[in-house]
Amino acid sequence: MTGLGPSMQLINEEKEFNSDVLDFFNKHTNSRDVGMDYHVISVFGSQSSGKSTLLNAVFGTKFDTMNAKEKRQQTTKGIWLGHTKEVAVTSNKKEPIKDLFVLDVEGSDGAERGEDQDFERKAALFAIAVSEILIVNMWEQQVGLYQGNNMALLKTVFEVNLSLFGHRSDHKVLLLFVIRDHVGVTPLTSLQETLEAELQEIWAGLTKPEGCEDKTLADFFDLKFTALAHKVLQPDAFMENVGTLGSRFANESDPHVSYFKPAYHHNLPIDGWTMYANNCWNQIETNKDLDLPTQQILVAKFKTEEIAQQSFGAFLENYPNEAFSSDQKQELVDTLQELKSECLREYDTYASRYAKPVYIETKKGLASNIEAKCKETISKFFAGTIEALVAAFERDLLERTKPTSFVTKLETARCDAIEKFQSFVSDFLRLELVSSLKDEEETFLAVLDQACTVQSQKQLKTIITRSGKEISNGIKEDIIVLLTHPDKNLWDHVMDSFNTIISRTTQRFGLEDNIFDFQVGLSQAENEKVYKQIRSGAWASLHEIVNDCLTEDNVVSILRERFENKFRFDENDSPRLWKNEEEIDTAYRVAKEHALEVIGVLSLASTANHTEIIPDVPVKVPHGLDDEVDLQGEFEDEEGVYHQKSFAHILTASQREKILRNFKRQSNTTVIEAKRSIIRTTSH
Ligand code: GDP
Ligand code: MG
């Protein structure tokens, strides 16, 4: 293939498409971002009809022309591509224009025709498929001579074009007839009429595909006509005509002058056009059914994908590797937002030029790739944030010193944490950096709930421990006095006092009437369990204190005190003065009986109507209070649970015997001392 000189062979004699074409474009546009600001035109007509000469004169291109003197075929067959940025507007003046790419079709000489008609037909089809304006170049003498000129070829071109674009009415091609060696005897208008009539005749004779029966030539083609003087015989007039022709390519802003119209453009950026042209040629060359709009969609798909990949590549390159901590939310949001919009901006810049539905579809794919990448980072960020928010929640709970209930504090702190979390979430959702953070939300709520449970348990444990201590202190304060000064109704008094202490304490902690949930937010069943646990602890304390208090020695002392009080003091609490032994013996009997009245109540805890006292809950020993609070399982385990019945049994029979022995010994001593005092008094 020929190199990238002033013109290049786009399609060679072997009917191959030149893959260097994009380099040619880039070289000739100095890699400017031409976008869709360019035009493609082509020229069509029989051999040696002066096509290349015309293009070179109007556009300053450098296509090969046949040497007039040598009269031999010098030009190389194929479709040639040239570029220009200026056009001749008079014989010696040029004007700048948009990048213009010109296709020059070099067929074979009339003499060599035959099998090469195939190439000419294909070249014409190609030219009409890829260009905005098709210049039909012909000698004046050819006008009206249907056979033997390119009108026959036009018929084929019309037919195929109809099958290609039959269902499209938005794309048109301008057929610009340039009549050469116009002598001037026949005016252009009548030449034009002849040609138009000829074209209509061709159109009428076409086999039209289904749905196109009523389509007119004007539905697909605009027609323009111009004539040029003989180049050799009337060189000045020729150059003047060239300038007139050129000016109609130059004044694009004036629709009355300019040949160009938006409806002719293929609306593909230059690289997309290249691919489109290549596809068209392959389709034409391999004689596949041609569907050019489909070709355009394919091109759009390929190109938008390519652009999306490029911009996503740049996105990934700039993507931050480091993780973002929970206090870097704004930084993360800004970074991702910036990267995302930069990526989409880049995509839009290059891809928006392609077929809109394809451009939009590919953009969706790109956006979802961006989101997937952002989601990774955002998820990591949220993992850290959830931890930080829950830790802050726990601190917050401790710092709340207002005298409201624990449940209120807990709920307020919980709501605050959720609010903070939601504000984080909404930042990411609002900017559409991710479409959903449902999983993160669920995780957060689960972790927060877990933390709430832990805090409630802690609080509950504190309450149970404190109330246990308070109850134990209450028992020591109120019940030891009762035990050491017993009467027959001792246990009725003890139980009254015991229940008073418990309800006083539970009231103080807000733990009465099954309203623990007010404090820690428990369910009804949990409430009952905790209440049972506190009672159990209270019973254990009572049991311990009773047993500590009613030891053998202590019981002996209690009995002795009762005995002494009765024996030594009379009804008026005055110390007795003994007169005789008989008096002592009587007092002894009464006092002893009085003392021993309580041995029964001190040995077995039972009410005045002889009902043995049995705790209303299982009692754990040694201390039910210090154990873990476990609301899930039972709080009493196999060992260490007293049979409730054992509570009442304080002194065993042998203990009682021992106590009685000691008591008798001591009371006897008292009696003997009393008798001695009489002897002393009487002997004086
Ligand atoms: P192409 O094969 O259509 O590209 O024709 P060329 O541009 O190579 O020209 C073929 C021959 O026609 C050359 O010898 C030219 O000098 C000659 N030629 C070019 N323009 C004109 C013209 O306007 N009138 C006449 N009579 N000959 C021309
Ligand atoms: Mg030529």
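# Reading strands, helices and a ligand shell

Me: Leu174 stands opposite Asp222 in E7. How many bridges join E6 to E7, and in which sense do they run?

Reply: This is a predicted model, and the pair you mention belongs to a longer ladder, since seven bridges join E6 to E7 and the two strands run parallel. On the other side of the comparison, E5 (133-139) and E6 (173-180) also pair in the parallel sense, over seven bridges, and there Met138 has Ile179 of E6 as its bridge partner.

Me: How many residues of E6 are buried?

Reply: The general idea is that in a regular strand the side chains alternate between the two faces of the sheet. In this case E6 is mostly covered, with seven of its eight residues buried.

Me: What does the chain hold as a whole, in helices and strands?

Reply: The protein chain has 20 helices and nine strands, and of its 684 residues 35% count as buried. Among contacts between residues at least 6 apart in sequence, 75% join residues that are at least 24 apart.

Me: Which elements do the buried residues of H2 pack against?

Reply: A helix is read by its turns: an α-helix has 3.6 residues a turn, so residues three or four places apart point the same way. Helix H2 (residues 51-59) is mostly covered, however, with eight of its nine residues buried, among them Lys51, Leu54 and Phe59. These buried residues pack against E2, E3, E4, E5, E6 and H7. Just after H2, Gly60 takes a positive phi of about 70°.

Me: Which elements meet the buried residues of H7 when they pack?

Reply: H7 covers residues 235-250, and its 16 residues reach 22 Å from the first C-alpha to the last, which is close to the 22 Å expected at 1.5 Å a residue. Its buried residues, including Phe238, Val242, Leu245 and Phe249, pack against H2, E3 (78-90), E4 (93-106) and E7 (221-227).

Me: Which residues surrounding ligand 1 are the closest?

Reply: Ligand 1 is surrounded by 16 residues, the closest being Gly50, Lys51, Ser52, Thr53 and Lys231. The largest share of this shell, three residues, comes from H2, and by type the shell divides into three nonpolar, nine polar and four charged residues.

Me: Where does UniProt place the feature "binding site"?

Reply: The unreviewed UniProt entry places that feature at Gly45, Ser46, Gln47, Ser48, Ser49, Gly50, Lys51 and Ser52. Such annotations may be inferred rather than shown by experiment. In the model, Gly45 lies in strand E2 (residues 38-45), whereas Ser52 lies in helix H2.

Me: Why does Gly45 count as buried?

Reply: Burial is read from neighbours, with 20 or more other C-beta atoms within 10 Å as the cut-off. Gly45 counts as buried because it has 25 C-beta neighbours inside 10 Å, and Ser52 is buried because 24 other C-beta atoms lie within 10 Å. Leaving aside residues up to four places away in sequence, Ser52 touches Phe63, Asp64, Thr65, Thr75 and Asp104.

Me: Is Ser368 buried or exposed?

Reply: At the other end of the scale, a residue is exposed if 12 or fewer such atoms lie within 10 Å. Ser368, which is found in helix H11 (residues 356-399), counts as exposed because it has 12 C-beta neighbours inside 10 Å. The C-alpha atoms of Ser368 and Ser435 are separated by 9.5 Å, although the two residues are 67 residues apart along the chain.

Key:
Residues are numbered from 1 along each chain as its sequence is written. Chains are lettered from A and ligands numbered from 1 in the order in which they are written. This is a predicted model: local features need pLDDT of at least 70, side-chain atom pairs count only at pLDDT 80 or more; totals for chains, interfaces and linings use all residues. A residue is near a molecule or strand if its C-beta atom, placed from the backbone, lies within 6 Å of it. Helices (H or I, at least four residues) and strands (E, at least two) are DSSP runs, numbered from the N terminus. Ala, Val, Leu, Ile, Met, Phe, Trp, Tyr, Cys and Pro count as nonpolar, Asp, Glu, Lys and Arg as charged, and the others, Gly among them, as polar. The expected span of a helix is 1.5 Å times one less than its number of residues. Two residues are in contact if their C-beta atoms, placed from the backbone, lie within 7 Å. Two strands pair if DSSP finds at least two bridges between them.
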